[in-house]
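Hello,

Here is the structure we spoke about handing over. Please have it open as you read; my notes follow below.

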Amino acid sequence: MINKIAKSIAVSMFAAGLSGVSSASAQQQDDSYRHLFMIGGGLQVCSSFKSDQCDDTDWINSDTMRTDRYINLSEKFRIEATADRFWSAFREETRKKVAEVLELIHERVNEDIVSERVFEREFTRRATVQTYNALSDAEYAKIIDLLEVPMSSEFPEVVNLDESLSKSSTDIYRAWFESAQQNLDDGEKPVIYFSTAGHRDPYEPIDFYRSLFSQLGAEAKWLPLDKAVVTARNEGRCEELSDVQQDVLGVYQRDRVYRAYYQNQVAFCQAGEQDFDQLAEADAIFFSGPHADQIRDTLIADDNSPSELLRMTIAQVQQKKLVVGATGAATAALTARPMISNGTSAAAIKEGSVAANPPAYGCDLDNTCPVNTDPDTLTYHPFGGISLFHFASLDAHFSERGRHGRLIRLAADTSTPLSIGIDEMTAMTINLEKGDFDLLGERGAFFVENAQGAESAVAATFHYLVAGASGMIKPFGLQTAEFAEGSNIVQSEPTTNFLSDRGLIDSMRVLCGEREQMTLLNKQYRLIAQIDDSSRTASAGGECQIVNGKIGMAYQPEEEL
């Protein structure tokens with residue numbers, strides 16, 4: 001299949017500007033400088049709200065710290081959460097069942113205020129789990145929003161890096177902090193702005209990132225700009241920001257739950273873009289959140305022109321005055337190449353990709369899927385993300401969710417020469433002038449070149465490097481690679497599931513032995529990976545690193561096998 005199958009969109013002028021330095025000036029640049037710090041997601045840090053990530057919890061003080069989210073089950077809030085105005089007529093029967101379930105839970109716990117953990121436990125009991133399973137993610141989140149007890153700014157979530165169980169996570173965040181210090185003298189405290197524009201609820205992660213970056217030694221400041229603020233400004237509705245958030249982000253009553261942050265954001269909205277002058281003091285900006293499309297919509301207008309903030313950011317990155325970091329889907333948003341926004345490998349291999357807005361997960365349950373999509377559809381933006389990374393399309397949470405098939409399909413459908421998927425617990429740092437990169441953390445990065453597609457099949461040349469590796473990339477592919485020699489062994493049980501888990505990476509280990517080809521079957525899908533005389537391999541920490549491997553995936557129903 002590989003031999004049969006595997007035989008851009010132009011980068012914006014802004015991204016081109018990043019790479020368009022003269023050879024003379026490029027020679028004067030410090031090769032160790034890194035403009036971008038891209039994390040694959042999945043980092044786990046100890047905090048008062050995430051005590052399960054802590055080695056010791058004696059330091060947590062519930063009298064001064066946020067330790068949970070609380071739900072109000074009193075009649076007033078139950079009526080509000082199931083009011084007609086929050087539910088479509090299409091879901092009328094579901095709304096009625098939810099009202100019955102909330103009343104039943106209230107009777108069962110016999111308390112008005114319960115923790116979110118208790119609420120979810122009660123909702124998923126045998127008598128009510130059928131209603132729970134019938135809800136889309138958006139509907140369940142809406143219920144939580146409308147029942148949520150207001151958060152006091154006097155009880156923030158507090159991070160404790162020293163007590164974190166995951167050393168890889170803390171090492172990556174500390175490396176990010178060092179990256180933010182690149183332009184400073186010893187002892188200077190970097191100013192790090194963090195953006196929550198990629199989150200459905202822009203207020204929920206604020207305390208976490210402020211505490212995290214402050215504990216690292218930075219002056220941490222929240223950037224209150226997101227898609228809802230942009231929309232409210234354009235429509236002159238800053239005073240109605242809560243209503244705009246409901247329409248644009250699908251989040252409810254944040255003005256009631258996070259009063260202080262909401263008022264801060266309304267003031268920012270009313271101030272206009274002159275507030276961006278404060279970013280001149282920033283040494284770094286960090287983006288987070290599971291919605292790459294929201295970050296793009298925050299910084300790029302409908303006509304694909306960059307916002308003033310994005311212009312400033314690109315100029316400062318180009319001048320080495322600003323370092324940009326991102327994690328998870330926010331990493332995918334950094335690209336100038338086609339930007340992935342949704343999809344599973346199974347759907348991508350079988351059905352191809354769609355240039356459309358991403359559907360909400362569970363949209364098939366409440367009839368909100370965009371035309372020609374379902375929750376598994378591979379969607380992308382053809383004009384890329386915010387165009388800070390011009391080398392390749394990007395993906396995150398990669399091997400752990402078996403996203404190899406969807407990235408290869410996107411690369412094939414859009415004729416993208418190079419695409420990169422970054423694993424969880426892994427960071428990739430990059431010099432945008434020369435393409436020099438390093439991999440940090442625990443796992444690895446998957447590079448896709450020369451992807452080709454046919455009906456229900458994809459194939460490509462691939463490389464896989466793990467943390468500790470380094471090299472150089474160009475927009476058309478990997479140029480050099482130095483293998484890692486580390487010993488960070490992945491602790492999870494091996495699997496052969498390559499559609500939604502680590503099956504490819506786990507099984508690929510045989511290619512560092514005497515095997516030159518491996519075949520996997522998963523449901524009605526087949527995967528073949530192989531090496532040849534042009535390939536290089538090296539083991540590190542039980543993983544197999546490969547340069548110039550070949551991979552093919554196909555949807556092949558049983559009658560065709």
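**Helix α10 and its surroundings**

The cover over the buried residues of α10 includes α9 (167–180), β4 (191–195), β5 (219–223), α14 (259–271), β6 (284–287) and β7 (323–327). Keep in mind that this is a predicted model. Helix α10 spans residues 206–216, and 8 of its 11 residues are buried, so the rest of the structure largely encloses it. Those buried residues are I206, D207, F208, Y209, S211, L212, F213 and L216. Directly after α10 comes G217, with a positive phi of about 115 degrees.

**The α11 and α12 pair**

Next, two helices joined by a loop. The axes of α11 and α12 come within 9 Å and cross at roughly 120 degrees. Angles of 65 to 115 degrees count as roughly perpendicular and those over 145 as roughly antiparallel. α11 and α12 are therefore oblique to each other. The crossing of α11 past α12 is right-handed. On the α11 side, the contact is made by K227, A228, V229, T231 and A232. On the α12 side, L241, V244, Q245 and V248 take part. By type, the residues of this contact divide into 6 nonpolar, 2 polar and 1 charged.

The loop between α11 (227–235) and α12 (241–248) holds E240. Is E240 buried or exposed? Neither: E240 is partly exposed, because its relative accessible area is 40%, and buried would need under 20%, exposed over 50%. E240 and D255 are 15 residues apart along the chain, and their C-alpha atoms are separated by 10.0 Å.

**The sheet under α20**

Then there is an open sheet of 3 strands. Its order is β8-β10-β9, and its pairing is mixed. β8 (339–342) and β9 (353–354) are the edge strands, each pairing on one side only. β9 pairs with β10 (residues 378–381) in the parallel sense, over 2 bridges. Within that pair, V354 stands opposite T379 of β10.

Helix α20 (residues 404–414) lies across β8, β9 and β10. Its direction is at about 50 degrees to β10. How many residues of α20 are buried? The count is 10 of its 11, and the helix is mostly covered. The buried residues are H404, G405, R406, L407, I408, R409, L410, A411, A412 and T414. S415 follows just after α20, with a positive phi of about 50 degrees.

**Strands β13, β14 and β17**

Last, a set of antiparallel strands. β13 (residues 426–430) and β14 (residues 436–441) pair in the antiparallel sense over 5 bridges. T426 stands opposite G441 in β14. The hairpin of β13 and β14 has 5 residues between the strands. In that hairpin, G435 takes a positive phi near 85 degrees.

β14 also joins β17 (residues 470–474). These two strands run antiparallel, with 3 bridges between them. Which residue of β17 is the bridge partner of F437? The partner is G471.

**For your first look**

Three places to start. See how α10 is largely enclosed, with 8 of its 11 residues buried. View the right-handed crossing of α11 past α12. Then turn to α20, where it lies across β8, β9 and β10.

Best wishes

How values were computed: Residues are numbered from 1 along each chain as its sequence is written. This is a predicted model: local features need pLDDT of at least 70, side-chain atom pairs count only at pLDDT 80 or more; totals for chains, interfaces and linings use all residues. Side-chain values use heavy atoms; hydrogens and water are left out. Two strands pair if DSSP finds at least two bridges between them. Helices (H or I, at least four residues) and strands (E, at least two) are DSSP runs, numbered from the N terminus. Buried means under 20% relative accessible area, exposed over 50%, partly exposed in between (1.4 Å probe, protein chains only). Contact means heavy atoms within 4.5 Å. Axes are lines fitted to C-alpha atoms, for helices over the stretch in contact, and angles run from 0 to 180 degrees between N-to-C directions. Angles under 35 degrees count as roughly parallel, over 145 as roughly antiparallel, 65 to 115 as roughly perpendicular and the rest as oblique. A crossing is left-handed if the near helix is turned anticlockwise from the far one by less than a right angle, and right-handed if clockwise. Ala, Val, Leu, Ile, Met, Phe, Trp, Tyr, Cys and Pro count as nonpolar, Asp, Glu, Lys and Arg as charged, and the others, Gly among them, as polar.
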